[in-house]
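User: Could you take a close look at one part of this model for me, and start with what buried and exposed stand for? I'm a first-year student, so plain words are welcome.

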Amino acid sequence: MMGIMSASPVNAAHRACRGIRGVSGVSVLLLLFFCMATGLIRGNAAEPAAMEAIAGRFGQNALEFTRRYCMDCHSGERPKAKFDISVFQNAADVREGSGLWEIAVEMVESGEMPPEDEPQPSGAERQAMLEWSRLYFDAVAEADAGDPGLVLARRLTNAEWDNAIRDLTGVDIRPARDFPVDSANQAGFSNSGEALFMSPGLLRKYLEASREVADHMVLTPDGIEFAAHPVVSDTDRDKYCVLRIVDFYRSQPVEIGPYLLAAARFERDADMADPRPGSTASMAERNGLSPSYLERVHQLLTGPCADYGVVHELQKRWKALPLAGPATDRAARELGDWVLSLREKTRPQFGWLQTRGIHTGSQSFVLWRNNQYARTRHQFEPERFGALDGLLDLPPSPEDDTVFVEEFRRFSRVFPDRFLVMERGREYLQDGPSENEVRGRFLSAGFHNMMGFFRDDSPLYELILDEDQRAGLDRLWDEFEMIARIRERQFSGFLWFERAESGYMRDPVFDFIRPEDRNALSESMIQRLAGVYLAKAQSREAPPEAVAAIDMYFHDINQQIRNVEKARASAEPRQIEAAMDMASRAFRRPLTDRQRSRILGFYRSLRTDYGLEHEDAMRDLVVSILMAPEFNYIFLEPSEDGGIHPLNSFELATRLSFFLWSSLPDPPLLAAAADGTLLDRAVLLSHARRMMDDPRIRGLAEEFLATWLGVRRFQKHNAVDRDRFPSFTDSLRSAMYEEPVRFFIDAVQRDLPLTEFIHGDHTLVNPVLAGHYRMEYPGAGGGEWVRVPAGEAGRGGILPMAAFLTANSPGLRTSPVKRGHWVASRVLGEHIPAPPPDVPDLPEDESGLGDLTLAQALARHRDHPNCAACHQRFDALGLVFENFGPVGEFRTRDLGDRPVSTTVTFPDGSAGEGLEGLRHYLASSRRGEFENSFTRQLMAYALGRSLILSDGPVIRGILEDINGDGFKTRALIEQIILSPQFLNKRDADPVQESGRKPPGTSG
């Protein structure tokens, strides 16, 4: 098998950071170990001898040029544009600071430098400087061919940290929301060791955020899970467990009407009707119903019955159901309600147990009554048949009519009085069966001023659920018992109630047990209390039924507490192992023996040296994992002999996942890394394609596209005057941000050509954005995002997206300067220097321009000698957007009620009008610049560093390859992934480890 690495050039020398140290201890120790464990590395390759001749001409062709025409402005303590060109004293300086030298070359080549009012070089001088730079850069690129560049060890960005926590825990907690904004490298991205630093203050925030994540931890019988909310108190645990069970209950199809309707449709559908048992299964699946229960209902509806009675009446009404038209569902629902009303009116009723001195709301008595209702869901009381008058034709003495009673028994076996009880109020307050009339707490037992939960779902369990669903529901209740210790807390409430409110246990004989005593939960104490409590009840002549209820209560509560104790103890090793698994996923590779020993040793130290309970120790263990450098830092392992080497499989998995997802590798990717198959080209591409189809590709859309195009933080954009633009709501702002993100995701997943970003005739909108664009929303409602043709709304592609138009407007007017600068610098990749400090400002409000249009005011602005050169490069690119107002709304008149004009002369001298004119200009004159800019930016983001000279040939090769294939978006991503720059690594050169800044930088 030919691996992808074997084709990559491997040469040069290498040294690197020798690894990341571990973390141990609590709180302060976590901080100390984290700080001590990290380091940054830098490097460069040595100049080959073949370059000496070209390098020797630097003084004659380049240095003399810069001294004569550049250094007056670009040197000294305050160089213009903060660009000090005097530091380039030899060819080696140019090589090290190639990015800045390229900018200088671009300015000289375009004629912008030197400025028109400064002495100008001759054509020969200019050409000599440019020719030397080209030759030298080509020589460096050839000498460094195959050099993947130095990628510095770095911490995760804020977004990567949030995403990694999301994928580790399964919950989108976003604990980095309060972190300082990440810095960016020269390419504009944060995912680079050039930009990311760790300060003591930030490290404290990491610790706080890690603790926040750990507070969401839930210890389950099988390991660790994480809740969407903190789980640190009893009420938190209750909320977590209760809502999971309630969500399960709510997802079950327990309404009777749909079963009646499905049975009718099955019976009258000639293609489906089949008398054989189980033949209704496909109808049940089609309608989201329980197959077993639909079969049972169907058998009752189609089976034999008496000439009168409830089954006879049900079949008659069922056969009359309409199967088409708007009344169908309502009629089925009404028939289902009729069935339930018959059951409600005939279900058994139970009074309250009475014993002198014992409160009616005592736990033993309330639980007895709950159990009576729970075990009689399919039963009925014939003596209550009189309540059915008006709902059902009754014989003279229905309770004595054996046929009528038997038919009702058949009916009740299929239709319980309730499938489950999800809410219950305080039972003891009601004279009658309160569970139907009083809404209370979810899953509550209905105790008086006491916590307690009661499971009542046997009809659901027996009639609706399949085997897997039953196991799942049992597991949810078992986890509830264990996670929330509900029986221990229930019994503590019993002790408190019986002493303080009921008064039954105020006798001195009960003083041996108190709710605040932890030993009160022991088996011996509970058994002792049971004897004393029962003896007192019997002395007061409690009826046998009450004595049995009390005895059963103590037996059950003791057994339940013991079961939970055993379950919690047996789960501890699995929970520790789950922490190990979490650490492996966080560290993006299998744990070494040393790491496992470190993690386990930390846990044991917390238990023995610090005396923490298991749950608290596990919470600190999670914090230690999240504070470990192996999680927080991305670094490449040094090779034995230095130089250039292929990434190992785990480094490749990490680089791939943080490129495409801005997050951790998932289990399939880690599995391919573990068995080495990820190093095979076909396997690598299959994972890349799978990952591009995954929703987590949003990470690339946000961190690459939205960052590159300058709207990554648009959701916090507050420059718009909302009094003047009330339509700019928070929901519209969010929709504006989502449009380019979703457009990019759509382009990747549908593999659109890159030209669609400029010339696309479609976009994606939700109802809010469609309304802002005055487009007809074709979706079904509910806020869904849909793909729409541009149509007459003038949208399509990224150029007219409201996020970009609004972000590049001052608030009370448009800004052709900012919009044009955005097109030139972001979209086309031009380098445009910052404006000089003495440039006069345009009015802040369009309505304050007087008789001038904004285009006319801008033309006067360009007369300023310090402005003309730059503005000629991009003003026209911004004026074409004047049909779009300050918040990207389409308009024909500006805020001063003047007609807007979008007719311009582009930098190449061609004329055009509006967005279509710009698109034509870009296609005819600048397409290559856009494609090159997109590719260079994506490459820089993928590698996590600024581009270097050796990247040039690789990028040119990628452009050639994908241009022949229609410049598809996915092809570009795949070519970058398969490039030697992506697949290889280079160790640091010791010269660069000194930390010397690249030439040309200041500050």
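Analyst: Let's start with the words: buried means under 20% relative accessible area, exposed means over 50%, and partly exposed is in between, using a 1.4 Å probe and protein chains only. With that in hand, Ala387 comes out as partly exposed, because its relative accessible area is 37%. Ala387 sits in the loop between helix 15 (363–374) and helix 16 (402–414) (a helix is a DSSP run of H or I, at least four residues, numbered from the N terminus). Lys345 is 42 residues away from Ala387 along the chain, yet their C-alpha atoms are separated by 6.1 Å.

Two bits of housekeeping. This is a predicted model, where local features need pLDDT of at least 70 and side-chain atom pairs count only at pLDDT 80 or more, while totals for chains, interfaces and linings use all residues. Residues are numbered from 1 along each chain as its sequence is written, and side-chain values use heavy atoms, with hydrogens and water left out.

Now for the part I'd zoom in on: the largest nonpolar core, which has 107 residues. (Such a core is a set of buried Ala, Val, Leu, Ile, Met, Phe, Trp, Tyr and Cys residues joined through side-chain atoms within 4.5 Å.) Phe659, Leu660, Leu700, Phe704, Phe757, Phe934 and Phe982 are the ones with the most contacts inside it. Helix 36 (residues 914–943) supplies the largest share of this core, 11 residues. A second core, of 62 residues, lies apart from it and includes Val242, Tyr293, Ala331 and Leu443.

Pick out Leu700 and see who surrounds it. Leaving aside residues up to four places away in sequence, Leu700 touches Phe659, Leu660, Ser662, Leu705, Phe744, Leu938, Tyr941 and Ile973 (touching means heavy atoms within 4.5 Å). One of those neighbours, Ile973, is among the buried residues of helix 38. Helix 38 (residues 969–977) is largely enclosed by the rest of the structure, because eight of its nine residues are buried. Besides Ile973, the list has Thr969, Arg970, Ala971, Leu972, Glu974, Ile976 and Ile977.

There are charges around here too. Arg698 and Glu702 share helix 28 (residues 698–708) and sit four residues apart, about one turn of the helix. Their side chains meet in a salt bridge at 3.2 Å, N to O (that is, a side-chain nitrogen of Lys or Arg within 4 Å of a carboxyl oxygen of Asp or Glu). Arg698 is partly exposed, because its relative accessible area is 24%, whereas Glu702 has 15% and so is buried.

How does that pair look beside others elsewhere? The whole structure has 64 salt bridges. Take Arg485 and Glu488, whose side chains also meet at 3.2 Å, N to O: Arg485 is partly exposed at 27%, and Glu488 is buried at 6%. Then there is Lys536 with Asp507, where the closest N and O atoms are 2.9 Å apart. This bridge links distant parts of the chain, 29 residues apart, with Lys536 in helix 20 (residues 523–539) and Asp507 in the loop between helix 19 (486–501) and helix 20. Here Lys536 is the buried partner, at 11%, and Asp507 is partly exposed, at 30%. Finally, salt bridges also form a network that joins Asp215, Asp234, Arg237, Asp238, Arg489, Glu615, Asp616 and Arg619.

Methods
Helix = DSSP H or I, 4+ residues; strand = E, 2+ residues; numbered from the N terminus.
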